[in-house]
Amino acid sequence: MTTIYLDNNATTKVSAEVLAVMLPYFGNFYGNPSSMHTFGGQVGIKIREAREKVAALLGASPDEIIFTSCGTESDNTAIRSALASYPDRKHIVTSRVEHPAVRSLCAHLAKEGYRVTELPVDNEGRLNMDAYEKSLTPDTAIVSLMWANNETGVIFPVERAAEIAHERGILFHTDAVQAVGKIPINMEKNAIDMLSLSGHKLHAPKGIGVFYLRRGTRFSPFMIGGHQERERRGGTENTPSIIGLGKACELAARYMEDENTRVRQLRDKLENELLARIPHSRVNGDRVNRLPNTTNISFEFVEGEGILLMLDRYGICASSGSACTSGSLQPSHVLRAMGVPFTMAHGSIRYSLSIENTEEEIDLVIETMPEIIERLRAMSPYWQTEGQACATPS
Ligand code: PLP
């Protein structure tokens with residue numbers, strides 16, 4: 001059975017070209033880039049080239065790029081650096097729909113005595129900008145808002161939000177883990193101070209990330225050790241992955257057009273066909289300001305986990321908007337923040353595409369899904385009572 005992989009917001013396949021440039025650095029070229037000898041120095045040159053490629057994708061300068069181990073580390077670095085750089089300020093502004101890399105850290109910091117404001121979103125997952133402006137105070141050390149949401153793909157107006165923060169002298173960080181490579185980003189044209197990205201979301205390997213730090217921004221390192229990354233992140237460089245990430249960024253720039261046309265069309269086809277063929281289904285999130293590869297669809301009166309298990313039998317990979325915690329299915333914090341009704345949130349599925357997906361794959365999912373939902377609804381006591389009643393006009 002072949003796999004149809006529609007879970008690219010969870011992780012992506014390392015592209016063949018990326019793997020090819022990495023392999024020599026596991027083999028013959030194993031030198032330490034910090035060594036004085038030519039054997040290590042040649043690896044250092046490759047790291048410099050990779051840094052230039054990452055910077056080019058972001059419209060940044062290479063000295064603003066710091067390699068880290070993952071998106072989570074970059075998020076932690078940004079927030080902790082701001083708090084350490086402005087020790088008199090004790091307030092953090094973020095949103096209710098952030099990834100745990102930001103949200104759990106903020107919850108942890110709240111226990112340490114920081115005040116955290118989690119901004120609400122509306123029922124389409126959009127940020128409330130009035131609430132945002134009102135939340136900023138002279139005590140605010142940092143604003144951390146994601147560029148694009150991992151579950152719904154909804155894009156926040158982070159460039160405008162960064163300008164507002166700057167007018168008040170507040171640092172602005174964005175978790176752009178889901179945005180980089182999918183939508184154009186140009187750091188030369190915005191006021192964002194810090195940005196996080198993660199290699200494994202754009203066809204580079206897991207375990208490599210980037211922390212972008214605008215030149216001149218106050219900074220306090222999170223990982224203290226050797227002189228690597230100009231003393232901004234200690235630890236011997238993950239050479240093969242850095243080189244792979246450089247290639248992945250070069251490819252992302254090349255395929256951005258494809259992502260925004262072909263991938264978007266496939267996503268739209270999948271979404272429109274599923275909505276048309278399956279009653280009691282709806283899209284979660286703003287359909288206008290959204291990543292081109294993501295759709296989050298709720299199928300009422302069924303459980304997401306059931307859908308995933310059935311999809312799995314056909315080799316189709318997606319993910320659900322609820323998680324099994326201590327025996328009970330909890331809708332995700334993102335769908336709850338959007339006020340998605342319980343019966344809808346339970347049956348939500350995120351399909352996230354990539355440039356690797358084909359129209360044949362999408363057609364197969366479109367053919368398979370109605371049958372799966374029908375079978376699950378036939379077993380659902382809610383569908384028997386409430387669902388059928390609304391489905392059959394009297
Ligand atoms: N932020 C967002 C929005 C994500 O989607 C993820 C991963 O799913 C992360 C942060 C964490 O990235 P990493 O897995 O590289 O730590």
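Reader: Let's start with His280: where is its place?
Author: His280 is in the loop between helix H8 (239-277) and strand S9 (281-283). Keep in mind that this is a predicted model.

Reader: Why does His280 count as partly exposed?
Author: Its relative accessibility is 21%. Buried would need a value under 20%, and exposed one over 50%, so His280 counts as partly exposed.

Reader: And what about the phi of His280?
Author: Phi is positive there, about 60°, although His280 is not a glycine. His203, too, has a positive phi, near 70°, and is a residue other than glycine.

Reader: Where does His203 sit, then?
Author: You'll find His203 in the loop between S7 and strand S8 (209-213).

Reader: What makes His203 count as buried?
Author: Set 13% relative accessibility against the cut-off of under 20%. The value passes, so His203 is buried.

Reader: How do you know that His333 counts as buried?
Author: By the same reasoning: 16% relative accessibility is under 20%, therefore His333 is buried. Its place is in helix H10 (residues 333-337). Arg96 is 237 residues away along the chain, yet the C-alpha atoms of His333 and Arg96 are separated by 7.5 Å.

Reader: Why does Leu145 count as buried?
Author: Leu145 has 0% relative accessibility, and buried means under 20%, so the label fits. Leu145 belongs to the loop between strand S5 (140-144) and helix H6 (158-167). From Leu145 to Ser332 it is 187 residues in sequence and 18 Å in space, C-alpha to C-alpha.

Reader: What makes Asn190 buried?
Author: Here the relative accessibility is 10%, again under 20%, so Asn190 is buried. Asn190 lies in the loop between strand S6 (171-175) and strand S7 (194-198).

Reader: What lies 3.3 Å from a polar atom of the side chain of Asn190?
Author: The backbone oxygen of Asn186 does. A polar contact needs N or O atoms within 3.5 Å, and 3.3 Å satisfies that distance limit.

Reader: On to the ligand. Which residues around the ligand come nearest?
Author: There are 13 residues around the ligand, and Thr72, Asp175, Gln178, Ser198 and Lys201 come nearest. Helix H3 (residues 71-85) gives the largest share of this shell, 3 residues. Sorted by type, the shell has 3 nonpolar, 7 polar and 3 charged residues.

Reader: What makes 2.5 Å, between an oxygen atom of the ligand and the side chain of Lys201, a polar contact?
Author: The pair is an oxygen atom of the ligand and an N or O atom in the Lys201 side chain, 2.5 Å apart. The limit is 3.5 Å, so the pair qualifies. A polar side-chain atom of Asp175 lies 2.6 Å from a nitrogen atom of the ligand, and a backbone N or O atom of Gly71 is 2.8 Å from a ligand oxygen. As for cover, the ligand on its own has 390 Å² of accessible area, and the protein covers 87% of that.

Reader: How do you know that the span of helix H12 agrees with its 21 residues?
Author: At 1.5 Å a residue, H12 (residues 359-379) should span 30 Å, and the end C-alpha atoms are 31 Å apart, so the two agree. There is still a kink in H12, about 25° at Thr368, shortly before the proline Pro370.

Reader: Which residues in H12 are buried?
Author: Among them are Ile362, Val365, Ile366, Met369, Ile373, Leu376 and Arg377. Thr368 and Pro370, from the kink, are buried as well.

How values were computed:
Residues numbered from 1 in each chain as written. Predicted model: local features only at pLDDT ≥ 70, side-chain atom pairs only at ≥ 80, totals over all residues. Heavy atoms only, no water. Near = heavy atom within 4 Å. Polar contact = N/O pair within 3.5 Å; in protein donor to acceptor, adjacent residues only side chain to side chain. Areas by Shrake-Rupley, 256 points an atom, 1.4 Å probe, with all protein chains shown as cover. Helix = DSSP H or I, 4+ residues; strand = E, 2+ residues; numbered from the N terminus. Nonpolar A, V, L, I, M, F, W, Y, C, P; charged D, E, K, R; others polar. Expected span 1.5 Å × (residues − 1). Bend = angle between axes of the 7 residues up to and from the residue. Buried < 20%, exposed > 50% of the residue type's maximum accessible area, 1.4 Å probe, protein only.
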